[in-house]
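Colleague: I am new to this structure and would like to follow the reasoning behind the terms used for it. Could we go through them one by one?

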Amino acid sequence: MRLTRKCCALCTISILVIFFKTKDLTRTEHQQSELGDGETSPTRLMVNSSNKVNRKDVRPIFKHSVEGWKSNLSLVIKIRKDILRFLDAERDISVVKSSLKPGDIIHYVLDRRRTLNISRNLHSLLPEVSPMKNKRFNACAVVGNSGILLGSGCGKEIDSHEFVIRCNLAPLVEYTDDVGSKSDFVTMNPSVVQRAFGSLQNETDRENFVRRLAVLNDSVLWIPAFMVKGGERHVEWVNELILKNKLSIQTAYPSLRLIHAVRGYWLTNKVYIKRPSTGLLMYTLATRFCDEIHLYGFWPFPKDANGTPVKYHYYDNLKYRYFSNAGPHRMPLEFKTLKSLHDRGALKLTTGKCGQP
């Protein structure tokens with residue numbers, strides 16, 4: 001009898017340990033290493049469980065084609081169901097008015113020690129309901145900002161999609177032939193305001209910013225306002241300009257749990273990222289609303305398949321160290337994952353000229 005009780009106690013302890021490890025999976029960085037080779041992958045997304053991509057791995061990735069690609073609807077549905085185990089994209093895509101009130105104090109997502117006071121301006125721009133409530137599309141385009149788009153001629157193909165998602169308020173007018181002009185959902189990190197529009201400090205910068213937003217018409221502008229301290233000033237200025245100029249834009253602000261939920265999903269699929277990039281976030285969310293997802297402008301390497309240099313962004317000269325461990329993202333690893341999904345028909349990844357294999 002004593003032996004039986006002792007065994008039961010040990011079983012109970014083991015179950016509790018497993019439960020708490022699973023519960024904390026999305027909360028701490030160091031637990032990436034706790035996903036061992038023996039853990040099952042819900043959708044078996046990766047060809048192998050390697051958590052690194054180095055320069056020696058890049059050559060096979062260059063061999064990529066869209067010729068003969070076909071959508072695998074059963075896999076698309078399976079991925080959607082698996083992702084819904086971690087987040088409800090319709091709900092988590094934006095905080096809504098009823099969830100907060102002016103004066104509420106919240107903790108920043110990536111810096112829990114610091115807090116933000118919800119202003120009346122910010123609260124006035126929160127949507128009444130999720131901007132993606134009851135939305136469903138046959139085909140969506142998610143457009144990244146890699147220089148691989150330059151000379152691609154993909155503009156018309158991108159615009160032909162029912163719903164177009166774009167990242168970080170990238171300029172369109174000068175690059176329409178390659179990137180298109182249609183925008184239905186546009187992300188904008190607060191740092192974009194500082195880097196591209198001089199923190200809105202002078203009238204010229206403010207006019208340029210308003211002109212850029214005006215092109216969006218009735219698009220959803222998705223602002224990660226609650227990530228880290230420091231960006232809230234830019235968010236407040238953006239909100240003031242939207243209200244002052246009566247811009248026809250729907251604003252949305254990701255839920256406080258979104259980043260951790262998305263990361264948790266990819267970690268359980270052996271994709272060991274520190275923090276998902278905007279592109280990976282948008283693909284993950286799009287699985288909820290889109291039956292076919294086509295990716296453009298995703299290329300996290302300094303050269304293309306022919307050895308020609310590729311700009312980090314198609315619209316500026318910003319440099320990026322793709323293989324550095326110092327940054328929060330693992331974009332080469334993300335790309336390897338997306339290419340694997342392309343090969344299996346879960347998504348379509350275009351990295352060359354449109355209309356060509």
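Modeller: In this predicted model, Val142 stands opposite Leu295 in strand β8.

Colleague: What makes β3 and β8 a pair of strands?

Modeller: Two strands pair if DSSP finds at least two bridges between them, and six bridges join β3, residues 137-143, to β8, residues 290-296, so the two strands meet that condition and pair, running parallel.

Colleague: How do you know that β3 also pairs with β4?

Modeller: The same condition of at least two bridges applies, and β3 and β4, residues 163-166, are joined over four bridges in the parallel sense, with Phe163 of β4 as the bridge partner of Cys140.

Colleague: Why is β3 called mostly covered?

Modeller: A residue is buried when its relative accessible area is under 20%, and six of the seven residues of β3 fall in that class, so the strand is described as mostly covered.

Colleague: What makes the lining of the largest cavity nonpolar?

Modeller: That cavity holds about 50 Å³ of space, and its lining includes Ile93, Met132, Phe163 and Cys290; because Ile, Met, Phe and Cys count as nonpolar, these residues belong to that class, and the lining as a whole divides into ten nonpolar, no polar and no charged residues. The largest share, three residues, comes from α12.

Colleague: Why is one residue lining the second largest cavity called charged?

Modeller: Asp291 is among the lining residues there, and Asp counts as charged, so Asp291 accounts for the one charged residue, beside five nonpolar and one polar.

Key: Residues are numbered from 1 along each chain as its sequence is written. This is a predicted model: local features need pLDDT of at least 70, side-chain atom pairs count only at pLDDT 80 or more; totals for chains, interfaces and linings use all residues. Side-chain values use heavy atoms; hydrogens and water are left out. Buried means under 20% relative accessible area, exposed over 50%, partly exposed in between (1.4 Å probe, protein chains only). On a 1 Å grid over the protein atoms alone, a cavity is a set of points where a 1.4 Å probe fits but cannot get out, and a pocket is an open set with protein on both sides within 12 Å along at least five of seven lines; lining residues have an atom within 4 Å of a point. Grid points are joined across faces, edges and corners, and a volume is the space filled by probe spheres set on the points.
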